[in-house]
Amino acid sequence: MLHSIKKMISGEIIELKQLKKIVSKINALEDSFANKTDAELKSYSANFSEQLSNGVSPEELIIEAFAVVREASKRVLGMRHYDSQLMGGAVLTQSQIAQMQTGEGKTLVATLPAYVMALYRKGTHIITANEYLASRDFEQMKPLFEFLGLTVGLNISGIERDEKQTAYKCDITYGTGTEFGFDYLRDHMVKSEEELAQRPLFYALIDEVDSILIDEARTPLIIAGKSNASLNLFPIMHLVIDSFKDNEDYNYYPETKQIVLLDNGADRLESAFGIDNVYDSEHREFMHIAMQTLRAKVVMRKDVDYIVKEDKIMIVDPYTGRIMEGRTFSDGLHQAIEAKEKVTIKEENNTQASVMIQHYFRLYKHVSGMTGSAVPSREEFWETYNLRVTEIPTNKPNMRVDMETLVYLTDEDKMKKIVEETQKHHDNGRPVLIGTTSIEQSEKYSTHLHELGIKHAILNAKTVEDEAELISNAGQLNKIMLATNMAGRGTDIILGEGVAELGGLHIIGTELHSSARIDMQLRGRGGRQGDPGSTHFIVSLEDELFHYYDEDEFAKYKGKVKTDDTGLVLSPNPTKFVYNVQNVIEGMHFSSRSHLLKLDDINNDQQKVMYNYREKALKVENMQALIIDAMHERHSTLIDELSELNVDNANHSANLNEIMDEIKIISLLTSNEENRFASLNIENKDQLKKALESVYSEALHISNNASTEDEIWRDIQTIYMEILDRLWITHLGNLHHLREGISIRGYGQEDPYRLYSFDALHLFNEMLHTFFRDIIRYYLQLNATKIED
């Protein structure tokens, strides 16, 4: 009863009733639309576009529009939308999240809202979890959209800029979230308006929305350039730190992955490198490399966090199990891992542009998404993105049996049970999918199965080339497949002949993930579209999940544990305990994302201001107004600063000297008189103020009276963006160092977010102050040079 009341309060029951009414109206049109000619069907697109441009909402069009898409799909693709797919499409058109189970045909669902929103002709982006799915969906659905008079593009990494521009001009563009995000950053680094790829961001329809908006949200998108940092220190540092021991040279806290260098470790570093005090400010870069090397040794694990392939370190996405192509660990960590694994150490990168996934997708006017596992993160979707989650009923009743999770005391006991269950179902002919959480784990199970003579296939980031074949065979009689999370999203395992009669695909989960959503995805590989199937999670108290749980609480629970003779935990209630641990870990990740987002909100606000300056320079017809604005800003700031300075305060002398220098330099550039203010008294604020007014009045006079056709403005446009980009890159580095230290300062009874906000604003204002100073001087210097010529 209480659950029903909660659902009514959330609006779900009302929502489903409304959706069923919409579907009934669409179904009532089916026969009449079936009798229309192709030309009549196609003509609806222009009519709908006109209605949208006249202010009609998408929700008002969906009954007729969905009927058009369904009929067109029947003719072009031979596929008819189910009622459940129409319901999902209606939710997506309202900028919400539709939770739809695996096998419900989300690719076809996407055609419904994509068609309606594309008729605005402002650009609809269909976001998929990887480029394979983007290419597949593009090829599959392109004929349908083109039949309806829409243009369709594909945006993948590695294509030329002109190809990207063509893709973005289309009504509908398929691609991955990371590639769209990187294009946004690249567009804010171009030197001319002709190089821009994206239009203003309008509508994003995201498949596997929880993977993209939540799992990937902890890692910002970063475009980096080469740094001048020396690489020679990394291998030497590794030789020293490789022998460091936990609780002797450092303390490691696995629940937060934090490392603290102890006095003994600091002493060993000082001795090895002949340094008096490693904590002196002059050794800050040295200590940073030392801590990243320690992190590479202690935290980062081969075949879990990364693999070594072709003399390269390649990052493994912890949520999908796939290689993150073209991505590197930032801030020297990648180089530290390269030294650890003895591969060629590549140049370190400096951040040139960065955006969090959350902030990128907030730039879209409309966002919606689909997934089979949104409900556990309902709160985060609402708090972060203002998106509601609606569960869509399955087209056919779910016949999958989800068995109660078994918890064993040790990993060895668990392994025996998994092998026993695998053998049992294999002997009956049923296909078995064994889901693991890492490459390392999948290879460990593979070795054990080989030793027992059990034939199987293995799918992980190392065997990705064979993915399509492995997936296509996974549902056949007698097949056993070991797989990482790669088999969890975007893959429908089709049952072979005779498999349904045996009970369908049996799925074994070997560990609980840190997010219940990923376990839901694994379960969802079975029982698609009313197929039979079963799932069984078999875990142990030695699993990695428990490494992140409170040590004392975990020890207290283990002290009470009672098992049978196979090692199966009987009490205290094992399933209640392990799922409570999972909830706690998931809560920690949510808190971590919220923490990063709060800090990055400040960075993002500053980036918007910076990008606004840059966009004005990029698109302005002449630069005159921007230079005049810069002069007003600089002059106003200096006058305000001067009024606050105390000539008797020694700490203010540097600021007074800066103002004095400003007067002399601007005077020289405007009047070519070197000794004009030689008698100016630095202690007389009135004199300084009058001098500032005088020189800036002359500078503004020059700018106001310059010809807008002058060649100088074309030169200054390039210089304007170059100075802004250079200062922004330096500023990003400063913000990074500020973030590293802010949590420590937060222990002083002060709010760390307030501290960070205050200090970051101070740094940003200094950056803008420097920018206005430099661009004004460049302009006046160019002008003076032109006059001399």
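This passage describes a parallel sheet, its packed helices, two buried residues and the internal cavities of a predicted model.

The sheet is open and contains 7 strands. Their order is E3-E4-E2-E5-E12-E1-E13, and the pairing is parallel. Strands of a sheet pair through backbone hydrogen bonds, in either a parallel or an antiparallel sense. The edges are formed by strand E3 (152–155) and strand E13 (389–391), each of which pairs on one side only. From one strand to the next, the twist averages 20°. At the E13 edge, strand E1 (residues 97–99) pairs with E13 in the parallel sense. This pairing runs over 3 bridges. Within it, alanine 98 stands opposite threonine 390 of E13.

Two helices pack on the sheet. Helix H10 (residues 161–169) touches strand E2 (124–128), E3 and strand E4 (172–176). The direction of H10 makes about 135° with that of E3. Helix H11 (residues 177–187) also touches E2, E3 and E4. For H11, the angle is given against E4 and is about 105°.

Serine 84 is found in helix H6, which spans residues 83–93. Its relative accessibility is 4%, so serine 84 counts as buried. The cut-off for burial is under 20%. Beyond residues up to four places away in sequence, serine 84 touches Met100, Glu104, Ile392, Pro393, Thr394 and Asn395. Valine 109 lies 25 residues from serine 84 along the chain. The C-alpha atoms of the two are separated by 9.0 Å.

Threonine 107 lies in helix H7, residues 106–109. Threonine 107 also counts as buried, because its relative accessibility is 18%. Neighbours within four places in sequence aside, the contacts of threonine 107 are Arg136, Asp137, Gln140 and Met141.

Internal space was examined next. Rolling a probe the size of a water molecule over the atoms shows where empty space is left. A search of the whole structure finds 7 cavities of 30 Å³ or more. The largest cavity has a volume of about 90 Å³. It is lined by 14 residues. Closest to its centre are Gln101, Thr102, Thr394, Asn398 and Gly527. By class, the lining of the largest cavity has 9 polar, 4 charged and 1 nonpolar residues. Thr394 belongs to this lining and is also one of the residues touched by serine 84.

Note on methods: Residues are numbered from 1 along each chain as its sequence is written. This is a predicted model: local features need pLDDT of at least 70, side-chain atom pairs count only at pLDDT 80 or more; totals for chains, interfaces and linings use all residues. Side-chain values use heavy atoms; hydrogens and water are left out. Helices (H or I, at least four residues) and strands (E, at least two) are DSSP runs, numbered from the N terminus. Buried means under 20% relative accessible area, exposed over 50%, partly exposed in between (1.4 Å probe, protein chains only). Contact means heavy atoms within 4.5 Å. Two strands pair if DSSP finds at least two bridges between them. Axes are lines fitted to C-alpha atoms, for helices over the stretch in contact, and angles run from 0 to 180 degrees between N-to-C directions. On a 1 Å grid over the protein atoms alone, a cavity is a set of points where a 1.4 Å probe fits but cannot get out, and a pocket is an open set with protein on both sides within 12 Å along at least five of seven lines; lining residues have an atom within 4 Å of a point. Grid points are joined across faces, edges and corners, and a volume is the space filled by probe spheres set on the points. Ala, Val, Leu, Ile, Met, Phe, Trp, Tyr, Cys and Pro count as nonpolar, Asp, Glu, Lys and Arg as charged, and the others, Gly among them, as polar.
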